[in-house]
Amino acid sequence: MIDQFGTAGCAAEFGAEFAAALEALFTLRRDVRHFRRDALPPGTIERLLAIACLAPSVGFSQPWRFVLVDDPVRRRRVRDNFVACNDAARLGYDDERAELYARLKLAGLDDAPCHIGVFAEPDPATGHGLGRRTMKETIAYSVVMAIHTLWLAARAEGIGLGWVSILDPGAIAAALDVPAGWQFIGYLCIGYPQDAHRTPELEREGWERRIDADAMIFRR
């Protein structure tokens with residue numbers, strides 16, 4: 001079967017220009033915390049989530065569950081939980097690090113037009129358990145892959161994504177009224193970013209620096 005790229009199946013070669021653009025996409029992807037309040041065009045988030053569902057998953061289990069959070073009351077409960085968890089986290093730092101933490105903007109909950117709670121179905125019938133007998137955590141890893149796929153697809157269209165993790169999983173599951181047993185993976189804020197940057201905000205603010213890739217590679 002000949003696909004839209006004019007080649008059979010997985011044999012498609014995208015060329016140097018595409019490879020360079022893809023590297024730029026990886027390089028320019030940011031964890032966005034400063035959003036404009038403009039709404040996304042109708043159908044945009046549903047289309048991006050369909051792309052996210054193309055991500056790889058252990059045993060083809062497809063365990064991701066996306067909860068679009070539109071209800072203002074539920075959004076407020078999420079925000080209140082973030083504030084409480086963020087205040088508690090700040091107490092874990094001392095001196096200058098605590099002062100720096102207090103200055104960081106760690107969520108776009110007030111401005112981002114689209115909020116998504118992302119969960120994993122921990123034991124889906126889909127996939128029939130293949131590949132996860134000895135590593136059950138691969139279910140959660142698969143959902144993270146879907147989030148990253150969504151992140152890149154959004155960035156390619158000039159749409160930003162911020163991953164909020166300073167939350168209590170049980171409180172968020174209750175706020176969003178999801179089925180018992182679903183594992184909370186992350187809360188996503190999505191919308192058009194106020195600014196585009198080449199470097200992560202935490203690097204710009206002096207929280208951490210990027211480690212050279214050579215330091216992360218080992219041979220045995």
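## Salt bridges across the chain

Asp111 and Arg37 form a salt bridge, with their closest N and O atoms 2.7 Å apart. Asp111 lies in the loop between helix H4 (95–103) and strand S2 (114–120), and Arg37 in the loop between H1 and helix H2 (44–52), so the pair ties together parts that are 74 residues apart in sequence. Arg37 counts as exposed, because its relative accessibility is 60% and the cut-off for exposed is over 50%. This is a predicted model.

A second salt bridge joins the side chains of Arg47 and Glu157, at 2.5 Å from N to O. This pair also links distant parts of the chain. Arg47 sits in helix H2, and Glu157 sits in the loop between helix H5 (138–156) and strand S3 (160–164), 110 residues apart. Both ends are partly exposed: Arg47 has 37% relative accessibility, and Glu157 has 35%.

## A salt bridge with a buried end

Arg33 and Asp31 meet through their side chains in another salt bridge, 3.5 Å from N to O. How accessible is each partner? Arg33 is buried, with a relative accessible area of 10%. Asp31 counts as partly exposed, at 24%. Buried means under 20%, so Asp31 at 24% falls outside that class. In the whole structure, a search finds eight salt bridges.

## A nonpolar patch on the surface

Now to a patch without charges. Phe14, Phe18, Leu22 and Phe26 form a nonpolar patch on the surface. Together they have about 370 Å² of accessible area. Phe26 belongs to helix H1, which covers residues 15–28. With 44% relative accessibility, Phe26 counts as partly exposed.

The numbering of the patch invites a look at helix geometry. An α-helix has 3.6 residues a turn, so residues three or four places apart point the same way.

## Strand S4 and its partners

Strand S4 spans residues 183–191. Eight of its nine residues are buried, so S4 is largely enclosed by the rest of the structure. Which way does S4 pair with S2, and over how many bridges? The pairing is antiparallel and runs over seven bridges. Within S4, Gly186 stands opposite Val118.

S4 also pairs with S3, in the antiparallel sense, over five bridges. Trp163 stands opposite Leu188 of S4. Leu161 has Ile190 in S4 as its bridge partner. S3 is mostly covered too, with four of its five residues buried. In a regular strand the side chains alternate between the two faces of the sheet.

## Helix H5

Helix H5 has 19 residues. From its first C-alpha to its last, H5 reaches 27 Å, close to the 27 Å expected at 1.5 Å a residue. Many side chains here are covered. Among the buried residues of H5 are Ile139, Val143, Ile147, Leu150, Trp151 and Leu152. Small residues appear on that list as well, including Ala140, Ala146, Ala153 and Ala154.

What do the buried residues of H5 pack against? They pack against helices H1 and H2, and against strand S1 (64–68), S2, S3 and S4. Just after H5, Gly158 takes a positive phi of about 75°.

## Tyr192 and its contacts

Tyr192 is found in the loop between S4 and H7. Is Tyr192 buried or exposed? It counts as buried, because its relative accessibility is 18% and the cut-off for buried is under 20%.

Leave aside the neighbours of Tyr192 within four places in sequence. Tyr192 is then in contact with Phe35, Arg36, Asp38, Ala39, Leu40 and Pro41. Tyr192 also touches Gly158 and Ile159. Gly158 is the residue with the positive phi just after H5. Gly59 is another matter: its C-alpha atom is separated from that of Tyr192 by 34 Å, and the two are 133 residues apart along the chain.

## After helix H7

Ile217 has its place in the segment after helix H7 (201–204). Ile217 counts as exposed, at 53% relative accessibility. Ile217 and Ala20 are 197 residues apart along the chain. Their C-alpha atoms are separated by 23 Å.

Conventions:
Residues are numbered from 1 along each chain as its sequence is written. This is a predicted model: local features need pLDDT of at least 70, side-chain atom pairs count only at pLDDT 80 or more; totals for chains, interfaces and linings use all residues. Side-chain values use heavy atoms; hydrogens and water are left out. Patches are made of residues with over 30% relative accessible area and no salt bridge: like charges are joined within 9 Å, nonpolar side chains (Val, Leu, Ile, Met, Phe, Trp, Tyr) within 5 Å. Accessible areas come from the Shrake-Rupley method with a 1.4 Å probe; for residues, only the protein chains shown count as cover. A salt bridge is a side-chain nitrogen of Lys or Arg within 4 Å of a carboxyl oxygen of Asp or Glu. Helices (H or I, at least four residues) and strands (E, at least two) are DSSP runs, numbered from the N terminus. Buried means under 20% relative accessible area, exposed over 50%, partly exposed in between (1.4 Å probe, protein chains only). Two strands pair if DSSP finds at least two bridges between them. The expected span of a helix is 1.5 Å times one less than its number of residues. Contact means heavy atoms within 4.5 Å.
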